[in-house]
Amino acid sequence: MKSDIEIAQEAEKLRIEKVAERYDIPYDSLELYGKYKAKLTEDYLKELDGRPDGRLVLVTAINPTPAGEGKTTTTIGLVDALNKRGRKTIAALREPSLGPCFGIKGGAAGGGYAQVVPMEELNLHFTGDFHAITSANNLLAAMLDNHIQKGNQLGIDPRSVVWKRCMDMNDRVLRNIVVGLGKKSDGMPREDHFVISVASEVMAIFCLAENLHDLKERLKKIIVAYNFDGEPVTADDLKATGAMAALLVDALKPNIVQTLEHNMAIVHGGPFANIAHGCNSVRATRTALKLGDIAVTEAGFGADLGAEKFFDIKCRKAGLRPDAVVLVATVRALKYNGGVAKDDLKTENLEALKKGIVNLEKHIENLQKYGVPVIVTLNSFDTDTQAEIDFVKNFCEERGAEFAVSEVFAKGGEGGLDLADKVIDTLENKKSDFHVLYPDNMPLEDKIWTIAKEIYGACGVNYTAAARKQLGKLKDIGMDNLPVCMAKTQYSLSDDAKALGRPTGFKINVREVYPSAGAGFVVAVLGNIMTMPGLPMHPAAENIDVTDDGRITGLF
C-alpha cells in the first residue's frame, strides 16, 4: 500500500469553494488560503446562530501504544461513511502541532484512504493559527518583563512570575532557562520556562472562546504573576489584552479543508490532551453542528484524558451534549497491553488479548458513567484473526457497547459503512443522558480525587508540599469552583507510563497545581509529565525532505 503522503499527494482535490458549495456555504463567506484551504467569515458564523443543531458524535480511544490506534483516521473515515449513507456529516478536528510532526508521533491528518487534504500543508504551517497563538503568548511575556524593567509599577515579585514563553516545537533545553543576563538594560535576571504552544493557556482560551468578545474577556483574566502582597497580576493589568486579541482575530475564524472523498472537515485549534484540555475549538464544533446532520469530533489521546476533558471541560463550558461516543481500539494495541512485544503483535495470541482487553473494559465503563451510548470500533489490520475479532466483539456486547469493525484506512468511507450503520442506529434508537462527572461547587481536591478514582481507578492521591500550598492559594483567590484539567501521561490509566492494561492499587502523584483563569479551569500536573516535550533519538525530522520541484517527502 502507498504511504500516507503519497496517497494524499496523488488525490484529486476539489477547490475549496466547490466543497463549501456542497454544504450551501456562499463563496463570499470564505476567506481563501490558496486553492484548498479557507476560513469562514465572522459574518457567516453569525448567520448560523439561528439554525438548529445536528447530532454530536465524539471519537475517542484506548490508551495509545506504539502499535497505533488510528483515532483521527477513524473519525475521517466515519465522516466519509456517514455521507455515503446520505447523512450530511462534517468532521471537527484539531490542528496538528509541529512538535510531534518532527518528533515521534508524526502528523495528524488521518491515514491511508481516510485523510484530510492538503495533508502536508495541514501538518506544517496551515493557515498560521499556531503562529498567532505563539505570538500572542510571547507578546504577553515580553510586556511582563518590560513592565518589571521599566519601573514595575504593579509591584510584581519577579520570583512569582508564572507566565511562560512558548514555541511550537519539541525543545527540551528550553524547559528551564535564565533570562535577563547581560547589562542592566537587558532586563532583570530570573528563572524562566518554555512550554510547547499547544500547552499555552492562550491555546486553551482560543479553543474555548465563543467569539471575539469572549476571547478578549478570557485573555483579560490570564494570571501572569503575583505582586509582593501575593495578589494576582493579570494580562489586563499589563494592558496586553487588546494587542493579544489583534494577533488572534484572524486565527479565531475556523478553517475548512476536505477529506479524500471531498467531505468537509473543520480543523481549528489543537491543545494536547496529556498536558492541556485536548479538544478542537468550540467554534469548530458548533459550526459543524449548524452545517450538518451529524458532527463528528475527536478528543486527544485515550478516553481517560481527551474524552474526560471533552465532557468535563468543553461540554460543561460550551453547553454541548454529545449523542454518542465511538471508542477506537485495535487488536494489536490490546495485545500490547497484554504484555506482547511490539515485534510479535502480528501473531494470534488470544491469551494476551484476554489479558490486555481490560484496558478497553475500563474505558467502556468510564464513558458509560457520562450517560452517553458507546460504540466500540476495531480499527482493522490484515494480521487480525477472526478469533481475535470475535473475542473483542463478544466482550464489548456483553458490557452493553455496540461493536463494529472499521477498515477505513485501506478502503476509505466504504470501509466504515458497518460503523456508520451502528452510529446511525444508536442516534435513532438510543437516548443520550449526558451529564458531567462532578459538580462545579465540589472542592478542587475532591474533583481531583473523583477523576483519579472514577476514571483512572486510583486508590488515593499524593500531593507535594508545593501542590498543597498552591491549592490553598487557589481557594484564597476564589478559583475553587473551576473544573480540573489533569496533566498526565497518555500511555497509562495511572500516572506511570509503564503501567499498562488496567492498573489497580496505585495512587496518583500531584506535583503542581496552577490556574488557567482565562480558560476557566485549574491544571493539576501529575508525576513527571512535561509541558515541553523533547525529541527522540531519531526524530521524524531526519526523514523529511523536499524535492527540487517543491514536493515534500517523508511526512507521515
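Two strands pair if DSSP finds at least two bridges between them; helices (H or I, at least four residues) and strands (E, at least two) are DSSP runs, numbered from the N terminus. The model is predicted, so local features need pLDDT of at least 70 and side-chain atom pairs count only at pLDDT 80 or more, while totals for chains, interfaces and linings use all residues. Residues are numbered from 1 along each chain as its sequence is written, and side-chain values use heavy atoms, with hydrogens and water left out.

**Exercise 1.** Find the pairing partners of strand 22 (residues 507–516).

*Solution.*
- Step 1: with strand 20 (residues 460–463), strand 22 pairs in the parallel sense over 4 bridges. Here Val 461 has Ile 508 as its bridge partner.
- Step 2: with strand 23 (residues 521–526), the sense is antiparallel, over 6 bridges. Val 513 is matched by Ala 524.
- Step 3: look at the hairpin of strands 22 and 23; 4 residues lie between them, and Gly 520 has a positive phi near 90°.

**Exercise 2.** Describe the second largest pocket and its lining.

*Solution.*
- Step 1: its volume is about 1,200 Å³. Of its 44 lining residues, Val 161, Val 162, Lys 164, Glu 512 and Tyr 514 are closest to the centre.
- Step 2: strand 22 gives the largest share of the lining, 6 residues.
- Step 3: sort the lining into 24 nonpolar, 8 polar and 12 charged residues.

*Terms.* A pocket is an open set of points on a 1 Å grid over the protein atoms alone, where a 1.4 Å probe fits, with protein on both sides within 12 Å along at least five of seven lines; lining residues have an atom within 4 Å of a point. Grid points are joined across faces, edges and corners, and volume is the space filled by probe spheres set on them. Ala, Val, Leu, Ile, Met, Phe, Trp, Tyr, Cys and Pro count as nonpolar, Asp, Glu, Lys and Arg as charged, and the others, Gly among them, as polar.
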